[in-house]
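This briefing addresses selected features of one protein structure for readers at the bench. Please consult the sequence and the coordinates alongside the text.

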Amino acid sequence: MSAALTNPNEVVTKALLRFVTLPSRERAALITLDNGFDHTKPNSFGPAGLASLEAAIDEAVAAAPKFIALTGKPYIFCVGADITGMPLLTERAQALELGRYGHRVFKKFKDSPVPTFAFINGAAMGGGLELALHCHYRTVSSGAAALALPEVAIGLVPGWGGTQLLANLIGIAPAAQVILQNPLTQKQLKPAQAHELGIADAIFSPADYLERSLAWAEGVVDGEITVTRPEIDRDMWDGVLYFARHQLDERLHGAVNSANQALELLALAKDASFEDGTAAEDEALATLIMGDQARASLYAFDLVQRRAKRPAGAPDKNLARDVTKVGIVGAGLMASQLALLFVRRLEVPVVLTDLDQERVDKGVGYVHAEIDKLVGKGRLDAGKAAKYRGLIAGSVDKAAFADADLVLEAVFEDLKVKKQVWAEVEKIVRDDCVLATNTSSLPVTEQAADLAHPERVVGLHFFNPVAMMPLLEIVRAAQTDDATLATAFAVGKALKKSAVLVKDAPAFVVNRLLTRFLGVVTAAVDNGTPIDVADSALDPLGLPMRPMALLTMVGPAVAHHVAETLHHAFPDRFGVSANLGRVVEAGKRGFTDSDGNPDPEVLALLEVGDSPSTAEQLRAEATGALAREIRLMLDEGVVADPRDIDLCMILGAGWPFHLGGVTPYLDREGISETVTGSRFLPEGAANAPH
């Protein structure tokens with residue numbers, strides 16, 4: 001190992017070798033990966049960890065045991081390369097050397113004269129799963145938390161053999177799903193899926209996992225157990241990759257370098273020798289590691305993994321009050337989704353109220369139906385389902401909130417309606433009951449202004465769909481006290497949401513920036529830009545959704561209402577599109593049809609000018625508008641730091657990892673300085689974990 005690869009910050013995962021006696025009285029070598037910490041600090045491989053693994057496999061092979069088995073510390077196998085060392089790689093040659101070093105060490109398991117087994121006892125991701133693929137056989141614990149090759153999502157490729165081994169083990173179609181589709185949709189494999197695909201040859205329960213894996217391995221070596229694997233169909237290889245490329249182009253428009261490289265490596269895996277394939281991995285990985293997209297992705301990954309778990313500005317958690325019952329005002333779709341979330345995560349009674357029994361019954365019925373779906377999919381057992389059904393109730397009388405610790409409103413976005421709700425609720429609930437609004441744009445301070453206890457009002461802005469979107473914007477109003485705020489953060493954590501503290505400012509963070517962005521696009525359409533040009537202008541960024549699809553998902557009526565709210569607050573920057581108003585009035589789903597093409601019926605409604613923009617002009621205007629708005633938001637103190645804006649956009653708007661956060665993207669492209677006169681982040685800040 002070269003001194004150039006030394007990482008002074010590496011938490012070394014040691015490969016601990018011991019010999020175990022099998023039922024036959026013969027010996028097996030067991031290598032356990034362990035960095036000395038509990039499962040909250042997973043095993044990973046840096047240069048020193050690879051050196052320890054190399055020494056262990058060499059010693060094990062020399063001892064000539066019956067077989068060599070590799071496993072991890074409790075709950076963790078290995079989660080791959082130690083990414084904290086990546087910013088230390090300043091030259092391509094260093095990155096190339098690191099790739100080659102990992103390949104050399106892992107290959108010793110593949111080429112071992114002694115049979116090798118990976119006992120995947122817990123989470124196995126990236127290089128950890130690739131190491132397991134190098135072993136001759138694999139078992140997996142049914143309790144393993146996650147199995148994945150997530151590299152494409154962070155600007156890299158599975159560069160320690162994954163692209164070459166996986167496709168030749170399970171076939172090109174499932175390999176493309178694991179390497180390309182799953183990372184880009186943030187999906188991971190469950191142990192049963194890994195077994196079904198053939199990644200693992202056997203699956204055992206956690207209770208006696210190691211004992212059964214050792215016995216199974218001895219059975220394989222003795223010939224008592226035969227491991228069969230499917231024959232790989234190479235005739236369909238090119239067709240699968242053609243389809244995968246088409247899907248990627250449709251979604252990402254060629255903007256994600258790691259996805260393009262992964263496709264090339266999977267194509268090579270069809271006929272190339274393992275040596276040639278892994279050499280190509282080395283070259284691809286070295287290029288990607290030194291590129292902007294990988295560095296940007298690591299910045300985004302670090303925000304999601306670290307900053308999201310330590311929210312800036314959160315008060316002392318010991319101030320939080322217990323929440324043993326939740327009331328929800330409203331029983332529509334959003335309210336019903338929230339009720340299901342609170343029941344599942346908090347496991348406390350939740351009561352929905354609405355104007356009439358029919359609406360209440362519909363809301364409770366939705367929750368019951370969703371619980372039934374979870375049972376049908378095997379994600380919830382019958383006992384839990386019965387408990388959850390018993391926790392959800394409905395009433396037309398807000399008196400049901402009398403003993404609630406938290407009441408959340410999810411009614412129509414109208415300030416008068418919300419103020420009326422709180423006036424009614426305050427007469428019923430205890431003085432220490434937290435009152436939370438799910439408003440997407442209306443001022444929380446004004447909602448609380450006329451109450452006797454405005455200090456217990458806070459904003460909890462959830463995103464739709466509630467179960468899937470990880471962001472929770474917690475809005476501190478002018479009067480909100482620390483106990484209320486601490487309770488909001490505690491509830492957010494219990495709901496498994498990533499909470500960001502935001503100031504009570506119009507539309508907060510995500511909706512304000514999305515409305516600014518969409519406002520530029522709809523204004524361009526109003527001025528005569530063809531819908532298809534306006535819709536595709538941002539394609540070079542590789543955003544997860546085009547503007548018109550985003551507008552459809554948000555809903556034209558909601559987008560129009562938020563635009564009106566922001567126009568009232570900032571008339572010089574936020575316009576209200578007359579054409580969007582016509583779309584809403586006509587009851588249309590947006591400017592495009594279900595296939596994403598301009599809707600002829602909508603085209604007939606539009607009244608447009610004669611000043612169309614080119615795609616380049618619109619892209620420059622849209623990104624410039626984002627930069628200006630972010631600068632104003634930071635000046636206003638909407639959030640504590642540019643990184644909080646980045647985190648909100650990643651988790652609440654799907655801003656892609658390959659661009660990093662929105663602020664480093666604007667810095668990197670020079671837009672920040674051109675438009676606002678300065679960068680958002682210090683030079684190099686987006687290249688290193690925080």
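The points below cover a helix, a sheet and a surface patch.

The structure is a predicted model. Helix α2 spans residues 92–110, and three strands, β4, β6 and β8, form an open sheet. A nonpolar patch on the surface involves M545, M553, V554 and V558.

**Helix α2**
- Helix α2 comprises 19 residues and reaches 27 Å from its first C-alpha to its last, close to the 27 Å expected at 1.5 Å a residue.
- The buried residues of α2 are Q94, A95, L96, L98, G99, Y101, G102, H103, V105, F106 and F109.
- These buried residues pack against helices α1 (47–62), α3 (127–134) and α10 (274–289), as well as strands β2 (27–34), β3 (68–72) and β5 (116–120).

**The β4-β6-β8 sheet**
- The strands follow the order β4-β6-β8, and their pairing is parallel.
- Strands β4 (76–78) and β8 (147–148) stand at the edges with a single partner strand each, so one side of each has no neighbour in the sheet.
- Two bridges in the parallel sense pair β4 with β6, which covers residues 123–125.
- I76 has A123 of β6 as its bridge partner.

**Nonpolar surface patch**
- M545, M553, V554 and V558 together make a nonpolar surface patch of about 310 Å².
- Within this patch, V554 belongs to helix α20, which runs over residues 547–554.
- V554 has a relative accessible area of 32% and is therefore partly exposed, since this class lies between the buried limit of 20% and the exposed limit of 50%.

Notes
Residues numbered from 1 in each chain as written. Predicted model: local features only at pLDDT ≥ 70, side-chain atom pairs only at ≥ 80, totals over all residues. Heavy atoms only, no water. Patch = residues over 30% accessible without salt bridge, like charges linked within 9 Å, V, L, I, M, F, W, Y side chains within 5 Å. Areas by Shrake-Rupley, 256 points an atom, 1.4 Å probe, with all protein chains shown as cover. Salt bridge = Lys/Arg side-chain N within 4 Å of Asp/Glu carboxyl O. Helix = DSSP H or I, 4+ residues; strand = E, 2+ residues; numbered from the N terminus. Buried < 20%, exposed > 50% of the residue type's maximum accessible area, 1.4 Å probe, protein only. Expected span 1.5 Å × (residues − 1). Contact = heavy atoms within 4.5 Å. Pairing = 2+ DSSP bridges.
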